[in-house]
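Let's take a walk through a protein model together. Have the sequence and the 3D view ready, and look up each residue as it comes along.

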Amino acid sequence: MSTALPFRRLCVFCGSRPGVLPAYQEAARDLGRRLAAHGIELVYGGGNLGLMGMVANACLEAGGSVIGVIPQALLEWEVGHVDLTRLEVVDSMHTRKARMAELADAFIALPGGLGTFEELFEILTWGQLGFHTKPVGLLNVAGYYQPLVQMVDAGVTQGFMKPENRALLLVGDTAPGLLEAMAQYQPPLAGRALHEAGQL
């Protein structure tokens, strides 16, 4: 990778199920290993199942550091990962998402279900509103997210979204390319101005 990665911590949104394709699972493990290799601390939802557990375990096994954030109500359901560098147990999903956003310098969504979709779009909306200026990446493993990317593109062509807001979502088929694009990310001027002015 030619570009140095300026992130201290990176938040990963992903499924608590493994998915049917081995490619999803390998992408999760690969990302965890890459974060460890670059000295980037992983922030994620604190579970030990599915892609969540895979990305965390791969990062830990490669010598990395992992912070999990999980609501008390999901601690047993998602099987909270007790062997992390730090596991924070919070009172609600709202607190969980806010805490992960607070901790992280950047975000990547791996394949996942409704919870992953919701986390991705919320963090993009916060970026659009200027609540943060952090890069948001979508790792389109085996084309899983292609319909979602097409839907977002349609938001622009159909007049529901400005092109600069579409540009908030960085899409890549491989972790190295996506991480490099995120390292070079420049937030839109409008959102950056609102963020810096403290108006939101």
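A residue counts as buried when its relative accessible area is under 20%, as exposed when that value is over 50%, and as partly exposed in between. Keep in mind as you read that this is a predicted model.

**Cysteines without partners**

Start with C59, whose relative accessibility is 0%, so C59 counts as buried. C14 is buried too, with a relative accessible area of 7%. How many disulfides does the model contain? The count comes to zero. A disulfide is a covalent bond between the sulfur atoms of two cysteines. To be counted here, two cysteine sulfur atoms must lie within 2.5 Å of each other. For C59, the closest cysteine sulfur belongs to C14 and is 12 Å away, which is too far for a bond. For C14, the closest cysteine sulfur is in C11, and the separation of 9.1 Å is again too far for a bond.

**The nonpolar core**

In soluble globular proteins, nonpolar side chains tend to be buried together. The largest nonpolar core of this model has 57 residues. Which of its members touch the most other members? They are L10 and L42. If we leave aside neighbours within four places in sequence, the contacts of L10 include L35, I40, L42 and V43. Further along the chain, L10 also meets A104, A106, F107 and I108, as well as L179 and M182. E41 is another contact of L10, and we will come across E41 again shortly.

Just after strand β2, which covers residues 41-44, comes a loop that leads to helix α2 at residues 50-61, and G45 is found in this loop. Is G45 buried or exposed? G45 is buried, because its relative accessible area is 6%. Its C-alpha atom is 9.3 Å from that of S16, although the two residues are 29 residues apart along the chain.

**Charged pairs**

Side chains of opposite charge can pair when their charged atoms come close. By the rule used here, the model has nine salt bridges. Three of them are shown in this table.

| Pair | Closest N to O distance |
|---|---|
| R9 and E41 | 2.7 Å |
| K97 and E118 | 2.5 Å |
| K97 and E122 | 3.2 Å |

Take the salt bridge between R9 and E41. The pair links distant parts of the chain, with R9 in strand β1 (residues 9-13) and E41 in strand β2, 32 residues apart. R9 is buried, with a relative accessible area of 13%, and E41 is buried as well, at 16%.

Now turn to K97, which is in helix α3. At 10% relative accessibility, K97 counts as buried. Which residues does K97 touch, not counting those up to four places away in sequence? They are E118, E119, E122 and W126. K97 forms a salt bridge with E118. This pair connects helix α3 (residues 93-103) with helix α4 (residues 114-128), and its two residues are 21 residues apart. E118 is partly exposed, with a relative accessible area of 34%. K97 also has a salt bridge with E122. E122 lies in helix α4 and K97 in helix α3, so this pair ties together parts that are 25 residues apart in sequence. E122 is partly exposed, at 21% relative accessible area.

Elsewhere, salt bridges link R86, E88, R99 and E102 in a network.

**Helices side by side**

Next, look at how helices pack. Helix α1 (residues 22-37) and α2 pack at an angle of about 35°, and their axes are 7 Å apart. α1 passes α2 in a right-handed crossing. From α1, the contact is made by Y24, Q25, A28, R29, G32, R33 and A36, while α2 brings L51, M54, V55, A58 and C59. The last of these is the buried cysteine from the start of our walk.

α4 also packs with helix α5 (residues 146-157), at an angle of about 35° and with the axes 13 Å apart. What is the handedness of the crossing of α4 and α5? The crossing is right-handed. Here F117, L120 and F121 in α4 meet L148, M151 and V152 in α5.

Notes:
Residues are numbered from 1 along each chain as its sequence is written. This is a predicted model: local features need pLDDT of at least 70, side-chain atom pairs count only at pLDDT 80 or more; totals for chains, interfaces and linings use all residues. Side-chain values use heavy atoms; hydrogens and water are left out. A nonpolar core is a set of buried Ala, Val, Leu, Ile, Met, Phe, Trp, Tyr and Cys residues joined through side-chain atoms within 4.5 Å. Buried means under 20% relative accessible area, exposed over 50%, partly exposed in between (1.4 Å probe, protein chains only). Contact means heavy atoms within 4.5 Å. Helices (H or I, at least four residues) and strands (E, at least two) are DSSP runs, numbered from the N terminus. A salt bridge is a side-chain nitrogen of Lys or Arg within 4 Å of a carboxyl oxygen of Asp or Glu. Axes are lines fitted to C-alpha atoms, for helices over the stretch in contact, and angles run from 0 to 180 degrees between N-to-C directions. A crossing is left-handed if the near helix is turned anticlockwise from the far one by less than a right angle, and right-handed if clockwise.
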